[in-house]
Amino acid sequence: VLVGFLSNAIFQGDLIASEEQLLEHWPSVGGYQYFLVETDKPEAVAAALDRTLGDYAFASETTADRLASFMVVQNTYLSTFQSLGALGLILGTFGLAAVQLRNVLERRSELALLQAIGLTKSKIAVLVLFENVALLLLGLFAGTISAVVALAPHLIEGAANIPVISLEVTLLLVLAVGIFSTVLAVVDAVRSPIIASLRYE
């Protein structure tokens, strides 16, 4: 009777049984195949064991190395998708800046009309900046909520390890790029001649 399975442990792929059960069911198996050593200096202990017991086919391995060997395929996939995600984020950030610039530049005549009826350049800049930042924050909020919903099963099971700091830095960088591109577009739009812009209105 198998009473449990181990995941993300050093005994993956192994059957663990008590010594009594082992001798009862497999009496021909003798000796021990694994020795667990708890130490604060794993490298020094491993080197000493390999040096003294190497002639008896003894091979030492740290738990970190053993777990890493189990996770090498999964880590390869994760690294690949992480690289693709970073590339997508870079392209998306440039796309965000382009959309923000185009949005403001296409509204030159509208901004010139607001200027003509008495609004100061600073008020127009604040108005447009508020509109774009509000849309940007709404998009970031929607994306964050979608990601949390997608990760909800892993979060409930406690299997997800979320890099909170790097995510916060990424969101802040996207927000900063959006605000910076909007400011550049607004400054260029309000500096353009009013009469030339009003001809298209």
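Modeller: Buried means under 20% relative accessible area, exposed means over 50%, and partly exposed lies in between (1.4 Å probe, protein chains only). This is a predicted model, where local features need pLDDT of at least 70, side-chain atom pairs count only at pLDDT 80 or more, and totals for chains, interfaces and linings use all residues. Residues are numbered from 1 along each chain as its sequence is written, and side-chain values use heavy atoms, without hydrogens and water.

Biologist: Is Asn-132 buried or exposed?

Modeller: Asn-132 sits in helix 6. Helices (H or I, at least four residues) and strands (E, at least two) are DSSP runs, numbered from the N terminus. The relative accessibility of Asn-132 is 2%, so this residue counts as buried.

Biologist: Which residues is Asn-132 in contact with, leaving aside its neighbours within four places in sequence?

Modeller: Contact means heavy atoms within 4.5 Å. With those neighbours set aside, the partners of Asn-132 are Gln-100, Asn-103, Val-104 and Thr-182.

Biologist: Which helix gives the most to the largest nonpolar core?

Modeller: A nonpolar core is a set of buried Ala, Val, Leu, Ile, Met, Phe, Trp, Tyr and Cys residues joined through side-chain atoms within 4.5 Å. The largest one holds 8 residues: Val-104, Leu-111, Ile-124, Val-128, Ala-185, Val-186, Ala-189 and Val-190. Helix 6 (121–157) and helix 7 (164–191) are the elements that give two or more residues to this core. The most, 4 residues, come from helix 7.

Biologist: Which helix gives the most to the nonpolar patch on the surface?

Modeller: Patches are made of residues with over 30% relative accessible area and no salt bridge; like charges are joined within 9 Å, nonpolar side chains (Val, Leu, Ile, Met, Phe, Trp, Tyr) within 5 Å. This nonpolar patch joins Val-148, Leu-151, Leu-155, Ile-162, Val-164 and Leu-167, with about 450 Å² of accessible area together. Accessible areas come from the Shrake-Rupley method with a 1.4 Å probe; for residues, only the protein chains shown count as cover. The most, 3 residues, come from helix 6.

Biologist: What is the relative accessible area of Leu-155?

Modeller: Leu-155 has its place in helix 6. Leu-155 is partly exposed, because its relative accessible area is 38%.

Biologist: Which residues do salt bridges join into one network?

Modeller: A salt bridge is a side-chain nitrogen of Lys or Arg within 4 Å of a carboxyl oxygen of Asp or Glu. Arg-66 meets Asp-14 with the closest N and O atoms 3.3 Å apart, and Arg-66 meets Glu-61 at 3.5 Å, N to O. Shared partners give one network of Asp-14, Glu-61 and Arg-66.

Biologist: How many residues apart in sequence are the parts that Arg-66 and Asp-14 tie together?

Modeller: Arg-66 is buried, because its relative accessible area is 18%. Asp-14 counts as partly exposed, at 31% relative accessibility. Arg-66 lies in helix 3 and Asp-14 in the segment before helix 1, so the separation in sequence is 52 residues.

Biologist: Is the pair of Phe-35 and Phe-58 tilted or stacked?

Modeller: Rings of Phe, Tyr and Trp (its six-membered ring) pair if their centres lie within 6.5 Å; planes under 30 degrees apart count as stacked, over 60 as edge-to-face and the rest as tilted. The structure holds 1 aromatic pair. The centres of Phe-35 and Phe-58 are 6.4 Å apart and the planes stand at 45 degrees, so the pair is tilted.
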